[in-house]
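Colleague: I would like to go through some of the labels used for this model. For each one, please tell me what it rests on.

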Amino acid sequence: MKKYLLIFSAILIAFHTLFGQASDIDRANKYLAGRNEVYFGFKIDKNLDYRKQLNTLTTIISIDNLDDDQVYAYANKKEFEKFLTYNIDYEVLTPPSMLHQPRMLDDAGTMLAGEWDYYPTYQGYLDLMDQFVADYPDLCELVNIGTLASERELLFIHINNNLGEDENEPEFMYTSSMHGNEIVGYVLMLRYIEYLLENYGSNDRITNLVDNIDIWINPLANPDGTYAGGNNSVYGATRGNANGIDLNRNYPDPEDGPHPDGNEHQPETLAFIDFAEERDLVMSCNIHDGAEVCNYPWDTWPRLHADDAWWIYVCRQYADTVHEYAPSGYMTDLNNGITNGYAWYSINGGRADNINYFHHGREFILEISSQFIPPANQLPDLWEWNYRSFLNYMEQVLFGIKGVVTNQITGYPVPAKVSVLNHDKDNSSIYASLPAGDYHRPIKAGSYDLTFSAFGFHTKTVYGVAV
């Protein structure tokens with residue numbers, strides 16, 4: 001009798017497993033049909049080489065987070081079909097953007113007069129961006145770097161006290177929400193624009209930043225994903241763009257080549273690549289949700305950035321400043337709020353690595369909230385905990401080594417390569433930019449030897465530059 005009970009129990013367990021997996025497949029197919037992506041979780045076997053497992057899986061699916069042995073990921077139809085061939089047990093999860101109905105507003109005037117405890121409709125977003133320019137025409141301009149097939153726009157607010165003039169100033173960029181369902185940074189960057197503009201001339205620190213930095217802020221890098229459910233709500237927002245592509249896997253990669261995800265470069269990707277090529281971004285920050293940590297380069301390979309010590313310093317400054325103003329437990333993931341990207345988990349085709357390697361910039365990924373779309377009444381707290389760190393990080397672009405490179409005979413500016421001897425590697429050197437010939441090299445305090453080189457000129461080395 002005991003033998004029959006054991007057999008019957010085994011049949012029940014097998015039936016339950018098959019039924020559960022079939023149910024997950026049905027749910028996955030439903031999400032893939034309606035949203036072009038599925039959100040799911042699974043465990044990795046920590047008895048095996050988990051790093052090898054992750055490095056394999058990250059080329060197939062978009063890993064969103066790793067918590068001990070629990071992995072959370074997204075996949076489009078093609079990616080999910082490939083994932084299924086690995087026969088890994090998984091659970092289909094409710095997309096984070098469908099856990100509650102967010103509070104929405106579409107009136108720019110109400111938004112600017114309020115406490116920013118809302119998410120804007122798409123039209124509300126456009127009205128806000130227009131209102132900034134209308135209210136501060138001498139300080140900012142609206143720049144469209146691309147219009148998508150949906151007619152939604154990729155927009156920047158450009159802030160400068162001398163608009164239209166090329167000055168000897170470092171260029172800085174904040175950008176948010178290239179994953180369309182990670183939109184805390186979207187609202188906080190809109191508020192940051194307002195904060196800079198309304199405090200210029202009355203707050204000495206803000207005035208100094210605006211006077212001496214060429215500031216570019218893109219609050220929403222994936223409008224098609226954010227408004228996948230319609231222009232009037234962020235409910236149902238997707239990680240990927242309208243084509244179901246994860247934009248943070250779609251960039252040329254230092255290790256894995258021009259198309260690491262196997263997809264053509266998306267319109268959003270091309271627009272930002274063109275923007276980076278046209279500008280000389282010295283520093284930038286790419287804001288995401290899903291964790292609470294400053295993720296510094298590299299993401300694609302294990303070797304450390306030439307400026308690893310500087311990255312640890314500025315990320316530690318960001319997190320430690322947050323800790324002064326936030327409740328205990330916020331921004332404490334991994335190494336108390338900071339991590340090397342690859343040490344957490346590797347990704348290929350990320351924008352931060354692309355900026356750092358191909359454009360000689362300094363960009364980190366800020367994971368600003370463990371919730372993708374928290375209730376809107378939590379947004380004012382997230383602002384209060386983070387805005388000082390936004391200022392601190394942007395202010396770092398004024399420090400380090402800076403100067404102008406000119407032709408010794410004619411005095412004309414030269415777009416020379418500026419290298420730190422016995423320090424630079426993996427394209428960490430920078431270039432002086434025209435028309436001023438200025439260069440700006442963030443670096444940790446110390447003494448450095450710099451080499452200046454350009455085609456048709458003698459190379460010159462300057463020794464013992466103190467920072």
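The exchange below takes a few labels in turn and sets each against its definition.

Modeller: One point before we start: this is a predicted model.

Colleague: What makes Asn199 count as buried or exposed?

Modeller: Buried means under 20% relative accessible area. Asn199 has a relative accessible area of 17%, so Asn199 is buried. Asn199 lies in helix α6, and 15 of the 16 residues of α6 are buried.

Colleague: Which residues does Asn199 touch, leaving out those up to four places away in sequence?

Modeller: They are Ile206 and Thr207. A contact needs heavy atoms within 4.5 Å.

Colleague: How do you know that the length of helix α6 agrees with its number of residues?

Modeller: The expected span is 1.5 Å times one less than the number of residues. Helix α6 covers residues 184–199, which is 16 residues, so the expected span is 22 Å. The C-alpha atoms at its ends are 22 Å apart, and therefore the two values agree.

Colleague: What follows α6?

Modeller: Gly201 does, with a positive phi near 90°.

Colleague: Which residues have a positive phi although they are not glycine?

Modeller: Asn36 is one of them, with a phi of about 70°. Asn87 is another, at about 55°. Asn36 sits in the loop between α1 (2–35) and β1 (38–43), while Asn87 sits in the loop between α3 (77–84) and β4 (91–92).

Colleague: Why is Asn87 called exposed?

Modeller: Exposed means over 50% relative accessible area. Asn87 is at 70%, so Asn87 counts as exposed.

Colleague: And why is Asn36 called partly exposed?

Modeller: Partly exposed is the range between the cut-offs for buried, under 20%, and exposed, over 50%. The relative accessible area of Asn36 is 36%, so Asn36 is partly exposed.

Colleague: Where are the cis peptide bonds at Trp298 and Pro435?

Modeller: One joins Pro297 and Trp298, with omega about 10°. Trp298 lies in the loop between β12 (291–296) and α10 (308–325). Another runs from Leu434 to Pro435, with omega near 10°. Pro435 is in the loop between β17 (430–431) and β18 (438–441).

Colleague: What does Tyr357 touch, again leaving out residues up to four places away in sequence?

Modeller: Tyr357 touches Pro254, Trp298, Trp301, Asp426 and Asn427. Tyr357 itself is in helix α13 (residues 351–358). Tyr357 and Ser447 are 90 residues apart in sequence, and their C-alpha atoms are 24 Å apart in space.

Colleague: How do you know where empty space is left?

Modeller: A probe the size of a water molecule is rolled over the atoms, and this shows where empty space is left. A space is called a cavity because the probe fits there but cannot get out. The structure holds two cavities of 30 Å³ or more.

Colleague: What is the volume of the largest cavity, and what lines it?

Modeller: The volume is about 120 Å³. The lining has 15 residues, and Asn248, Tyr345, Ile347, Ile365 and Glu367 lie nearest the centre of the cavity. By class, the lining of the largest cavity has four nonpolar, four polar and seven charged residues.

Colleague: How is the lining of the second largest cavity divided by class?

Modeller: It has three nonpolar, four polar and four charged residues. Among the residues of this lining are Glu37, Ser62, Tyr74 and Arg239. The second largest cavity holds about 50 Å³ of space.

Key:
Residues are numbered from 1 along each chain as its sequence is written. This is a predicted model: local features need pLDDT of at least 70, side-chain atom pairs count only at pLDDT 80 or more; totals for chains, interfaces and linings use all residues. Side-chain values use heavy atoms; hydrogens and water are left out. On a 1 Å grid over the protein atoms alone, a cavity is a set of points where a 1.4 Å probe fits but cannot get out, and a pocket is an open set with protein on both sides within 12 Å along at least five of seven lines; lining residues have an atom within 4 Å of a point. Grid points are joined across faces, edges and corners, and a volume is the space filled by probe spheres set on the points. Ala, Val, Leu, Ile, Met, Phe, Trp, Tyr, Cys and Pro count as nonpolar, Asp, Glu, Lys and Arg as charged, and the others, Gly among them, as polar. Helices (H or I, at least four residues) and strands (E, at least two) are DSSP runs, numbered from the N terminus. Buried means under 20% relative accessible area, exposed over 50%, partly exposed in between (1.4 Å probe, protein chains only).
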